[in-house]
Amino acid sequence: MVLKAFFPTCCASADSGLLVGRWVPEQSSAVVLAVVHFPFIPIQVKELLAQVQQASRVRVAVLGTWCHRRQEPEESLGHFLEGLGTIFSHEPWLQLCRERGSKSWSCKATRWQGPASSAASGEDQVMLIFYDQRKVLLSQLHPPAALPNRQAGDATASAGGLAAVFDTVARSEVLFRSDRFDDGPVQLSHWQSEGVEASILVELAKWAAGPVCLLLAFLLSLVSAAGACRVFKLWPLSFIWSKLSTCEQLRHRLEQLTLIFSTQKAKNPTQLMRKANTLVSVLLDVALGLVLLSWLHRKDRIGQLADALIPVADHVAEELQHLLQWLMGAPAGLKMNRALDQVLGRFFLYHIHLWISYIHLMSPFIERILWHVGLSACLGLTVALSILSDIIALLTFHIYCFYVYGARLYCLKIHGLSSLWRLFRGKKWNVLRQRVDSCSYDLDQLFIGTLLFTILVFLLPTTALYYLVFTLLRLLVVTVQGLIHLLVDLINSLPLYSLGLRLCRPYRLAEPSALGIPRLGSPHCRPEHAGVKFQVSEHEAGRPLRLLMQINPLPYSRVVHTYRLPSCGCHPKHSWGSLCRKLFFGELIYPWKQRGDKQD
Amino acid sequence: MEDEQSFSDICGGRLALQRRYYSPSCLEFCLSCPRISLRSLTAVTCSVWLAAYGLFTLCENSMILSAAIFITLLGLLGYLHFVKIDHETLLIIDSLGIQMTSSYASGKESTTFIEMGKVKDVVINEAIYMDPVKPHGISQVVPLFQSAKPRLDCLIEVYRSCQEILAHQKATSTSP
């Protein structure tokens with residue numbers, strides 16, 4: 001196999017020295033982690049490597065020599081470098097060489113074939129792969145620390161070739177902690193040798209996070225204890241809470257806040273991302289809510305809204321009355337059954353009259369209520385939108401009632417018709433066998449059955465028309481509420497932190513399941529595609545092949561798909577076919593199932 | 001060393017296959033698709049603007065014309081960035097893996113890399129139905145050159161060179 005040498009790009013301009021890293025024999029690859037500069041004492045180098053090996057459990061060793069000179073190395077230097085091979089014996093021994101200021105590299109890998117003369121040593125073909133140490137370390141494409149079948153000192157055999165490289169770099173962090181300003185015995189060159197990377201804001205935030213999280217977790221536990229209080233589980237209140245989408249949204253937000261401010265540290269990168277996404281989503285929500293609040297309270301918009309609400313409700317009721325008058329006449333030229341028409345029409349008109357009186361009763365309090373409800377927008381835009389959806393539901397309650405009446409009536413009629421149709425043909429529904437069986441009826445049974453059947457058939461158009469009209473109205477209201485819920489879901493589940501990370505630090509988000517690493521929460525990722533890409537650098541004949549390895553970031557659509565937050569789960573579960581079937585048979589449609597849904 | 005050959009795709013357009021041979025263990029194929037033709041671009045733009053002008057004479061609202069210009073520009077940019085593939089590259093590196101890159105007309109590149117350990121073989125297949133039936137030991141079939149759609153003669157060239165590299169890799173991996 002071709003020998004692959006992974007070389008960090010930061011060391012390409014370093015002075016001559018020894019190559020330190022890890023040799024992976026299964027993939028025949030040498031991962032170079034740092035360069036040890038002259039002058040050094042071999043004993044101290046070996047001590048340092050032993051320390052690093054103990055701390056990180058990575059088999060770090062001296063892999064070869066690195067030569068960065070103005071011209072071809074002189075004879076004496078050549079012998080010196082070969083002499084080093086006998087002190088730090090490693091097989092195969094790499095010799096990388098680069099002329100200063102030029103792009104030509106040369107590398108040799110020699111294997112000692114025993115105590116015979118060096119002329120018998122074999123040489124392997126070498127391929128140089130450059131990698132950015134910082135990005136590889138931060139990309140978190142290495143296996144998590146809690147894999148069950150880990151062995152000391154080596155990556156698991158199941159990790160693919162590239163996963164071993166990432167794993168090695170990630171676990172050798174202790175080697176990168178010393179920089180050139182330390183007065184240690186050994187001078188190393190790696191990505192942090194100009195100074196260890198740290199940020200004072202991050203350190204301050206970490207220090208402050210502890211007590212803040214404790215305090216907020218305590219407050220949130222108080223709130224959730226108050227919410228779980230017995231009083232709220234009594235029948236009328238629990239029924240109302242389960243129907244209002246605002247309570248659902250508040251409960252969801254409370255859960256999310258509890259997750260963010262929990263005092264346990266995140267166990268793996270997935271959980272950390274979820275926490276960060278949730279925090280950013282909550283912050284954005286609150287910011288948008290405050291913007292809405294400031295807009296509402298400017299220029300007395302709440303007063304205007306309250307003044308406009310009653311006339312709008314009146315207008316809707318008037319339109320409904322006109323609609324019913326039209327149905328009671330000859331709608332669209334159809335001839336209705338006069339008596340049934342009048343009964344149904346008057347019944348619904350009385351309902352509207354009751355509703356209007358109720359609205360007028362509430363009118364003095366509307367402005368106060370709206371003002372207090374508007375304050376709740378500071379909890380977030382999603383809460384404000386949920387309240388809007390609930391207000392629409394309350395204001396169109398009469399349409400909902402009409403729909404239920406019409407649907408029940410139509411449903412009864414359809415069932416009656418189907419059963420009497422079976423009687424008409426001489427058949428019966430066998431409840432025991434759950435199928436249609438033939439049956440012999442008496443004459444009077446047949447007579448009454450046929451009579452009822454005829455009556456129902458002739459009353460069908462009237463009922464069907466009322467059902468159709470009110471179902472359409474109800475579907476209109478449901479559509480408006482559905483759009484609001486869609487917007488709320490979008491704000492709830494969009495992973496903004498991940499999208500921002502993908503925009504600014506794309507190397508943090510690559511596809512980890514590619515390299516054989518188990519990934520939580522997304523079992524349907526395509527496992528064969530690695531999170532890296534290669535580019536061939538300028539190639540000259542006779543020189544080794546040089547490749548540049550870069551992190552291949554996830555496309556935006558996959559970022560959203562992988563990191564999306566779980567939403568309330570209030571999505572319609574019907575397919576179009578079952579919806580049409582329910583509409584035809586007059587069964588009631590519940591557009592979204594809420595938790596603990598009551599059966600009608 | 002580099003050489004270039006020209007083929008045609010299944011619709012009759014001209015394709016250019018460039019092969020770069022870096023070393024016995026590394027080979028790159030670059031297949032460039034036919035460019036966007038001025039005729040089709042002019043046809044689409046003219047039809048959109050004629051429709052917009054028709055609507056304008058009906059509605060007397062000049063916003064329709066500005067909207068049509070916006071739509072044309074955005075549509076063209078979106079087409080160049082998301083749909084039109086300029087060239088597709090296949091890079092085979094012995095003992096590392098196979099990399100497929102699609103470069104779009106706006107310069108965007110989308111790359112997929114598959115490690116050699118996960119590659120069973122490179123084959124020419126008559127038709128792919130993407131059935132859920134999984135053949136023994138194989139978890140996914142990945143089609144190459146989906147946009148360029150070259151004909152059989154071009155595919156045979158690529159297939160021959162891929163098999164040479166894979167054979168070379170198998171030979172060197174068995175030897176110590």
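Before you click anything, one cut-off: a residue counts as buried when its relative accessible area is under 20%. Keep in mind, too, that this is a predicted model.

**Stop 1: Ser25 of chain B**

Select Ser25(B), which sits in the loop between β2 and β3 of chain B. Is Ser25(B) buried or exposed? With a relative accessible area of 3%, Ser25(B) falls under the 20% cut-off, so it is buried. Now show what surrounds it. Leaving out residues up to four places away in sequence, Ser25(B) touches Ile92(B), Ile93(B), Asp94(B) and Ile165(B), and also Val2(A) from chain A.

**Stop 2: the strands on either side of that loop**

Stay in chain B and colour β2(B), residues 14-23, and β3(B), residues 26-32. These strands run antiparallel and are joined by seven bridges. A hairpin takes you from β2(B) to β3(B) through two residues. For a pair to label, try Arg20(B), whose bridge partner in β3(B) is Glu28(B).

Now add β4(B), residues 85-93. β3(B) pairs with β4(B) as well, again in the antiparallel sense and over seven bridges. Here, label Phe29(B) and its bridge partner in β4(B), Leu90(B). How many of the seven residues of β3(B) are buried? Six of them are, and the strand is mostly covered.

Zoom out to take in chain B as a whole. You should be able to trace three helices and six strands, in the order β-β-β-α-α-β-β-β-α along the sequence. Of its 176 residues, 34% count as buried. Take the contacts in chain B with a separation of 6 or more: 47% of them are between residues 24 or more positions apart.

**Stop 3: over to chain A**

Chain A has 600 residues, of which 41% count as buried. Its secondary structure holds 17 helices and 14 strands. Among its contacts between residues at least 6 apart in sequence, 71% join residues at least 24 apart.

**Stop 4: strand β3 of chain A**

Select residues 29-37 of chain A, which make up β3(A). Nine of its nine residues are buried, so the strand is largely enclosed by the rest of the structure. Which strands does β3(A) pair with? Bring them in one by one:

- β1(A), residues 3-8, pairs with β3(A) in the parallel sense over three bridges; look for Lys4(A) opposite Ser29(A).
- β2(A), residues 17-24, pairs with β3(A) in the antiparallel sense over eight bridges; here Val20(A) stands opposite Ala34(A).
- β9(A), residues 188-189, runs antiparallel to β3(A) and is joined to it by two bridges; Val35(A) faces Ser189(A) in this pairing.

While you are here, follow the hairpin between β2(A) and β3(A), which has four residues between the strands. In that turn, Ser28(A) has a positive phi of about 50 degrees.

**Stop 5: Val62 of chain A**

Next, pick Val62(A) in strand β4(A), residues 61-69. Val62(A) is buried, with a relative accessible area of 4%. Set aside its neighbours within four places in sequence, and its contacts are Leu18(A), Leu19(A), Val20(A), Val45(A), Leu49(A), Phe88(A), His90(A) and Trp93(A). Val20(A) is the residue you just saw opposite Ala34(A). To check a distance in the viewer, try Val62(A) to Trp93(A): 31 residues apart in sequence, they are 8.9 Å apart from C-alpha to C-alpha.

**Stop 6: two helix pairs in chain A**

Start with α9(A), residues 301-328, and α11(A), residues 366-375. Their axes come within 9 Å and cross at roughly 130 degrees, and the two helices are therefore oblique to each other. The crossing is right-handed. Show side chains at the contact: Ile302(A), Gly303(A), Leu305(A), Ala306(A), Leu309(A) and Ile310(A) of α9(A) meet Ile366(A), Glu367(A), Leu370(A) and Trp371(A) of α11(A). By class, this contact divides into eight nonpolar residues, one polar and one charged.

Finish with α15(A), residues 496-504, and α16(A), residues 556-563. These axes also come within 9 Å, and they cross at roughly 150 degrees, which makes the helices roughly antiparallel. This crossing is right-handed. On the α15(A) side, select Ser498(A), Leu499(A), Arg502(A) and Leu503(A); they meet Tyr556(A), Val559(A), Val560(A) and Tyr563(A) of α16(A). The contact has six nonpolar residues, one polar and one charged.

Technical notes: Residues numbered from 1 in each chain as written. Chains lettered and ligands numbered in written order. Predicted model: local features only at pLDDT ≥ 70, side-chain atom pairs only at ≥ 80, totals over all residues. Heavy atoms only, no water. Axes fitted to C-alpha atoms, helices over the stretch in contact; angles between N-to-C directions. Parallel < 35°, antiparallel > 145°, perpendicular 65-115°, else oblique. Left-handed = near helix turned anticlockwise from the far one by under 90°. Contact = heavy atoms within 4.5 Å. Nonpolar A, V, L, I, M, F, W, Y, C, P; charged D, E, K, R; others polar. Buried < 20%, exposed > 50% of the residue type's maximum accessible area, 1.4 Å probe, protein only. Pairing = 2+ DSSP bridges.
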